[in-house]
Structures are given as structure tokens and as C-alpha cells.
Amino acid sequence: MKKIKGILIDVYNKKVEEIEFERSLENFYKLIKCDLVTTAPMDVNNDLVVDDEGLLKNPDHFFSFNDIREPQYAGNGIIIGFNDKGEWISHTMNFETVKKSVVFFQIYKDEYGRSLFMGAERYSE
């Protein structure tokens with residue numbers, strides 16, 4: 001199995017890290033913590049892989065890039081590259097630029113599970 005490099009965005013621990021992992025669907029499920037994935041384009045050579053059912057799980061952790069007007073994604077995500085055959089390969093994005101652009105969101109709930117407010121914070125080490 002081929003190893004590739006990706007950028008893991010972990011909303012639960014509020015971390016952004018470059019990782020190397022075996023390219024398999026099972027590993028995407030494990031890293032993103034989901035059962036079904038989908039992709040969103042990042043640029044002409046890279047995709048964001050996220051939980052396709054993330055919004056159906058009553059999520060309270062999200063992320064976006066740059067600010068809240070950008071699309072928000074529920075749960076974890078991984079940025080990976082793709083080639084002209086459509087195969088997933090190592091990402092080609094600048095890791096430091098991506099890291100600085102990530103914004104984490106969390107919905108805070110009361111003891112009854114009702115949403116109170118949403119907090120946002122830019123990634124910081």
C-alpha cells in the first residue's frame with residue numbers, strides 16, 4: 001500500500017498537522033472518524049476529504065478556512081492531492097499557509113442539549 005502525506009484538521013483537539021499514512025479508504029475513515037467520505041475542492045491539485053454525513057450527526061465541532069463566510073465543515077478533515085488519473089496522492093499545498101487559515105468553531109450547549117452560542121478561534125500552536 002502506498003503512503004501519502006496529508007494535512008489533518010482535528011476539530012476535537014483543535015490541531016492542524018501534516019501526517020503520513022497508508023492510502024486506503026479505511027484509513028480515511030479512521031482519521032476523520034466517519035463511515036462515509038466526500039471531497040471538496042481546495043485548488044486544482046488538492047481536495048479536502050470530510051465526513052459525508054457530518055451534518056446529519058448533530059455536530060458541535062466545525063472548521064473553516066479564513067473566516068466564517070467560507071463553507072464550514074463538520075468534524076475532522078484531511079487535505080490530500082490527486083493526480084490526472086484521479087488517484088489520491090500527497091498534498092501539494094503550503095502547510096504553514098493552510099495552518100494559519102484554519103478557523104475552529106464549537107457550538108456550546110446547556111445541560112439539556114440546547115445550543116447556547118457558537119465560539120470561533122483561529123488555529124494557534
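Q: How do the residues lining the largest pocket divide into nonpolar, polar and charged?
A: This is a predicted model. The lining includes Pro41, Phe65, Asn66, Glu70 and Thr97. Pro and Phe count as nonpolar, Glu as charged, and Asn and Thr as polar. Over the whole lining, the division is seven nonpolar, three polar and one charged.

Q: Which element supplies the largest share of the lining of the largest pocket?
A: Thr97, Val98 and Ser101 are among the lining residues. Helix 2 covers residues 95-101. The largest share of the lining, three residues, comes from helix 2.

Q: What is the volume of the largest pocket?
A: Rolling a probe the size of a water molecule over the atoms shows where empty space is left. For the largest pocket, the volume is about 160 Å³.

Q: Where does Met42 lie?
A: Met42 is one of the residues that line the largest pocket. Its relative accessibility is 25%, so Met42 counts as partly exposed. Met42 lies in the loop between strand 3 and strand 4.

Q: Which residues is Met42 in contact with, leaving aside neighbours within four places in sequence?
A: Ile80 is 38 residues from Met42 along the chain, and their C-alpha atoms are separated by 9.2 Å. The contacts of Met42 are Asp47, Leu48, Phe65, Ile79 and Met93.

Q: Which residues of the largest nonpolar core touch the most other members?
A: This core has 15 residues. Strand 1, strand 4, strand 5, helix 2 and strand 9 each supply at least two of them. A second, separate core has twelve residues, including Cys34, Val37, Val49 and Ile78. In the largest core, the residues that touch the most other members are Ile9, Leu48, Phe63, Phe65 and Val102.

Q: Which residues does Ile9 touch, not counting those up to four places away in sequence?
A: Ile9 belongs to the largest nonpolar core. Among the residues that Ile9 touches are Leu48, Phe63, Phe65 and Val102, members of that core. The full list is Lys15, Val16, Leu48, Phe63, Phe65, Asn76, Gly77, Ile79, Val102 and Phe104.

Q: How many salt bridges does the count come to?
A: Side chains of opposite charge can pair when their charged atoms come close. Asp51 meets Lys57 in a salt bridge, at 2.6 Å from N to O. Glu96 forms a salt bridge with Lys99, with the closest N and O atoms 3.4 Å apart. The count comes to two.

Q: Is Asp51 buried or exposed?
A: Asp51 pairs with Lys57 in a salt bridge. Lys57 has 41% relative accessibility, so Lys57 counts as partly exposed. For Asp51 the value is 11%, so Asp51 counts as buried.

Q: Where do Glu96 and Lys99 both lie?
A: Glu96 is partly exposed, with a relative accessible area of 39%. Lys99, at 7% relative accessibility, counts as buried. The two are three residues apart, about one turn of the helix, and both lie in helix 2.

Q: What is the phi of Lys14?
A: Most residues other than glycine have a negative phi. Lys14 sits in the loop between strand 1 and strand 2. Lys14 is partly exposed, with a relative accessible area of 25%. Its phi is positive although Lys14 is not a glycine, at about 50°.

Q: Is Lys33 buried or exposed?
A: Lys33 has a positive phi, near 65°. Lys33 lies in the loop between helix 1 and strand 3. Its relative accessible area is 55%, and the cut-off for exposed is over 50%. Lys33 is therefore exposed.

Note on methods. Residues are numbered from 1 along each chain as its sequence is written. This is a predicted model: local features need pLDDT of at least 70, side-chain atom pairs count only at pLDDT 80 or more; totals for chains, interfaces and linings use all residues. Side-chain values use heavy atoms; hydrogens and water are left out. A salt bridge is a side-chain nitrogen of Lys or Arg within 4 Å of a carboxyl oxygen of Asp or Glu. Buried means under 20% relative accessible area, exposed over 50%, partly exposed in between (1.4 Å probe, protein chains only). Helices (H or I, at least four residues) and strands (E, at least two) are DSSP runs, numbered from the N terminus. A nonpolar core is a set of buried Ala, Val, Leu, Ile, Met, Phe, Trp, Tyr and Cys residues joined through side-chain atoms within 4.5 Å. Contact means heavy atoms within 4.5 Å. On a 1 Å grid over the protein atoms alone, a cavity is a set of points where a 1.4 Å probe fits but cannot get out, and a pocket is an open set with protein on both sides within 12 Å along at least five of seven lines; lining residues have an atom within 4 Å of a point. Grid points are joined across faces, edges and corners, and a volume is the space filled by probe spheres set on the points.
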